[in-house]
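Trainee: I should like to learn how to read the features of a structure that is new to me. May we take them in turn?

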Amino acid sequence: MTDLLTDLLIYIGFGVIMFSIGMIVGTQLLNMYYGKHFMVVAQQCSEADSVVPIVDELIRET
């Protein structure tokens with residue numbers, strides 16, 4: 001019985017650690033993607049001297 005409880009606690013701990021790592025990595029990847037994407041849209045706004053590209057991007061994302 002003690003072994004079963006110990007194994008259960010190990011699996012729960014492993015699951016929590018994997019979930020935490022997944023959340024951190026996912027957040028970092030999304031920040032990198034949208035950071036680069038924002039720079040592309042900002043460059044388009046600068047070249048067009050207008051906010052139309054960012055409005056178009058907002059429409060596309062929603």
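Mentor: Let us begin with burial. A residue counts as buried when its relative accessible area is under 20%, as exposed when that area is over 50%, and as partly exposed in between. Please keep in mind that this is a predicted model. E57 has a relative accessibility of 15%, so E57 counts as buried.

Trainee: In which helix is E57 found?

Mentor: E57 is found in helix α2, which covers residues 52-61.

Trainee: Which residues does E57 touch, leaving aside those up to four places away in sequence?

Mentor: Under that condition, E57 touches H37 and V41.

Trainee: How many salt bridges does a search of the whole structure find?

Mentor: For a salt bridge, one looks for a side-chain nitrogen of Lys or Arg within 4 Å of a carboxyl oxygen of Asp or Glu. The search finds two here. In one of them, the side chains of R60 and E57 meet, with N and O 2.7 Å apart. The side chains of E57 and R60 also make a polar contact at 2.7 Å. In another salt bridge, R60 pairs with E61, and their closest N and O atoms are 3.3 Å apart. E57, R60 and E61 are thus linked in a network of salt bridges.

Trainee: How many residues apart are R60 and E57 in helix α2?

Mentor: They are three residues apart, and therefore about one helical turn separates them.

Trainee: Are R60 and E61 buried, partly exposed or exposed?

Mentor: The cut-offs given for E57 serve again. R60 has a relative accessible area of 53% and is exposed. E61, at 39% relative accessibility, counts as partly exposed.

Trainee: What does the secondary structure of the whole chain come to?

Mentor: The chain has two helices and zero strands. Its radius of gyration is 22 Å, well over the 11 Å that the globule rule gives for 62 residues, so the chain is more spread out than a compact globule. Along the principal axes, the C-alpha atoms fill a box of roughly 70 × 20 × 10 Å.

Trainee: What share of the 62 residues is buried?

Mentor: Buried residues make up 6% of the chain. The chain exposes about 5,500 Å², and carbon and sulfur atoms supply 73% of that area.

Trainee: Which residues form a nonpolar patch on the surface?

Mentor: The patch is formed by F14, I17, M18, I21, V25, L29 and M32, which together have about 680 Å² of accessible area. One of its members, F14, is found in helix α1, residues 2-48. At 52% relative accessibility, F14 counts as exposed.

Trainee: Where is L9 placed, and how far are the C-alpha atoms of L9 and M23 separated?

Mentor: L9 has its place in helix α1 and counts as exposed, at 57% relative accessibility. The C-alpha atoms of L9 and M23 are separated by 21 Å, and these two residues are 14 residues apart along the chain.

Trainee: Lastly, how should one read a phi angle?

Mentor: In general, most residues other than glycine have a negative phi. In this chain, D49 has a positive value, near 50°, and is a residue other than glycine.

Trainee: Where does D49 lie, and is D49 buried or exposed?

Mentor: D49 lies in the loop between α1 and α2. With a relative accessible area of 72%, D49 is exposed.

Methods
Residues numbered from 1 in each chain as written. Predicted model: local features only at pLDDT ≥ 70, side-chain atom pairs only at ≥ 80, totals over all residues. Heavy atoms only, no water. Helix = DSSP H or I, 4+ residues; strand = E, 2+ residues; numbered from the N terminus. Buried < 20%, exposed > 50% of the residue type's maximum accessible area, 1.4 Å probe, protein only. Polar contact = N/O pair within 3.5 Å; in protein donor to acceptor, adjacent residues only side chain to side chain. Contact = heavy atoms within 4.5 Å. Rg over C-alpha atoms; globule rule 2.2 N^0.38 Å. Areas by Shrake-Rupley, 256 points an atom, 1.4 Å probe, with all protein chains shown as cover. Patch = residues over 30% accessible without salt bridge, like charges linked within 9 Å, V, L, I, M, F, W, Y side chains within 5 Å.
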